[in-house]
Amino acid sequence: MSETSSLKTIRLGLAGLGTVGSAVARHLRDESRLLAGRSGFRFEIVRIAVRDKARHLAAGVDPALLTTSWRELVETEGIDLVVELMGGEEEARSCLLAALEKGVSVVTANKALLAAHGAELFAAAERTAASIFFEAAVAGGIPVIKAVKESLVGNHISAIHGIINGTGNYILTRMTEAGLGFSEALEEARAKGYAEADPTLDVNGWDAAHKAIILASLAYGYWVAPADLRVEGIDRVARQDIGYAARLGYVIKHVGVIKAGNGGGEVEVRVQPSLLPREHTLASVGGVTNALAIRGDLIGESLFVGPGAGGDATASSVISDIVDAAHSLDKGPRNAGFVPHGLYGRTKPAALTVSEFYLRIPVRDQPGVIARIAGILAAKEIGISATVSLAPSEMPDGKFNEVILMTHEAPLGLMEEAVEEVAREAFVTGPPVLLRVEKP
Ligand code: HSE
């Protein structure tokens, strides 16, 4: 008789056997003694739902475990926990709702699903006293959900600044360090297997936005609505902006920002390419690595850095959730999910959020250009704090063709009005580029 046979067995249904699902199954099998020793449970996968049964049969998966129906998986006799790693929105939502309605707890890595349907899923869980675990939904292997939900529970969180999309960070890093253009860097990310086959959400900022919504909801205790977020992707960053930012002492990173006003006012949530001061740790986080700086009243600033994607790293978070779920099945749930404490409960309109800005305006070289731009900004009481002076050798035919400046703090709405006004001037030759400066 094996030494683990007396332990309680947790029967798992695995929905999805892709990169993360396979890594979870492999580590549960290979590390069963370690996990049993540390957790006091045995874990047994009793059903696996996949799209393409033939492919997994060919790979040697036990045919008795496989089904192509998530419904059949949820209905499996005696199942304790459903682990959803299939991605997508509608099917995953139905699968989790079916499990929760039966009172079966779930583990999910599905950030898009939680960001869009979190309120509905957690309400379903509450009705049947089931739990939802989602460590792998944000920043892959970095244990940041547990940190915000449990380890920092005594803190008022004043700000979270995060680089939370690995593909985007890889692309910006290659543009910064190797001088690649955006398309070249994206192709490289694809070739190395970092970008998804369809990298749309990585590039347009929404993969990071889903994670920011989950973090903001946990930190401030209300479901942040996707429509309230300002989301911009890395596709608006040009190579010359990276160079000009460097001359001004900044690094351009794609940053998720979540912060509350002084004394608990409205919550700012945004995801944008932004200028970070070169000396802040986040500015030096390169490649596919994710990093989060979390500021709380008790702890001050705490940094989390690590792999935000990849099978093994994400499996590390999923397995941690599986063990947590086992304990809560055994002893009863203990804050196993989202608790709507709703202390603040309102997202600040993006137009009212205040920061310093970087502005690049492509122009024709003619008298009065700089005076006119400065005049438009001054009329709205927006002050200029720095400019980039181009040497004649940097200008095409020795004529200056871009105005690059930094502003003092201003509300985004006012800044955007000023930029629209500038863009209507006849000397402007292309769309201006406006980026925020973030100071974690
Ligand atoms: N595509 C994501 C990233 C991985 O690049 O960070 C998981 O969210």
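**Exercise 1. Find the residue of β2 that is the bridge partner of Gly-13, and place this pair in its sheet**.

Solution. In this predicted model, Gly-13 has Arg-47 in β2 as its bridge partner. The next step is to look at the two strands as a whole: β1, residues 8-15, and β2, residues 41-49, pair in the parallel sense over 8 bridges. Widening the view once more, one finds an open sheet of 6 strands with parallel pairing, whose order reads β3-β2-β1-β4-β5-β6. Because β3 (66-67) and β6 (132-133) have a single partner strand each, they stand at the edges, and one side of each is left without a neighbour in the sheet.

A helix also belongs to this picture, since α13, residues 311-331, packs on the sheet and touches β1, β2, β4 (81-84), β5 (105-108) and β6. The direction of α13 makes about 115 degrees with that of β2.

**Exercise 2. Determine how helices α5 and α6 are placed relative to each other, and which residues make their contact**.

Solution. Start with the axes: those of α5 (residues 90-101) and α6 (residues 111-128) come within 9 Å and cross at roughly 15 degrees. Angles under 35 degrees count as roughly parallel, and α5 and α6 are therefore roughly parallel to each other. Their crossing is right-handed.

Turning to the side of α5, the contact is made by Glu-90, Ala-92, Arg-93, Leu-96, Leu-97, Leu-100 and Glu-101, while α6 contributes Leu-113, His-117, Glu-120, Leu-121, Ala-124, Ala-125, Arg-127 and Thr-128. Sorted by class, the residues of this contact divide into 8 nonpolar, 2 polar and 5 charged.

**Exercise 3. Carry out the analysis for helices α7 and α11, and give the classes of the residues in their contact**.

Solution. The axes of α7, residues 144-151, and α11, residues 206-220, come within 9 Å, with a crossing of roughly 10 degrees. That makes α7 roughly parallel to α11, and the crossing of these two helices is left-handed. In the contact, Val-144, Ile-145, Val-148 and Lys-149 of α7 meet Ile-214, Leu-215, Leu-218 and Ala-219 of α11. By class, this contact has 7 nonpolar residues, no polar ones and 1 charged residue.

**Exercise 4. Describe the chain as a whole, and decide whether its radius of gyration agrees or disagrees with that of a compact globule**.

Solution. The secondary structure of the chain comes to 15 helices and 17 strands. Taken along the principal axes, the C-alpha atoms fill a box of roughly 90 × 50 × 35 Å. With 440 residues, a compact globule would have a radius of gyration near 22 Å, and the 24 Å of the chain agrees with this.

Technical notes. Residues are numbered from 1 along each chain as its sequence is written. This is a predicted model: local features need pLDDT of at least 70, side-chain atom pairs count only at pLDDT 80 or more; totals for chains, interfaces and linings use all residues. Side-chain values use heavy atoms; hydrogens and water are left out. Axes are lines fitted to C-alpha atoms, for helices over the stretch in contact, and angles run from 0 to 180 degrees between N-to-C directions. Helices (H or I, at least four residues) and strands (E, at least two) are DSSP runs, numbered from the N terminus. Angles under 35 degrees count as roughly parallel, over 145 as roughly antiparallel, 65 to 115 as roughly perpendicular and the rest as oblique. A crossing is left-handed if the near helix is turned anticlockwise from the far one by less than a right angle, and right-handed if clockwise. Contact means heavy atoms within 4.5 Å. Ala, Val, Leu, Ile, Met, Phe, Trp, Tyr, Cys and Pro count as nonpolar, Asp, Glu, Lys and Arg as charged, and the others, Gly among them, as polar. Two strands pair if DSSP finds at least two bridges between them. The radius of gyration is taken over C-alpha atoms; the globule rule is 2.2 Å times the number of residues to the power 0.38.
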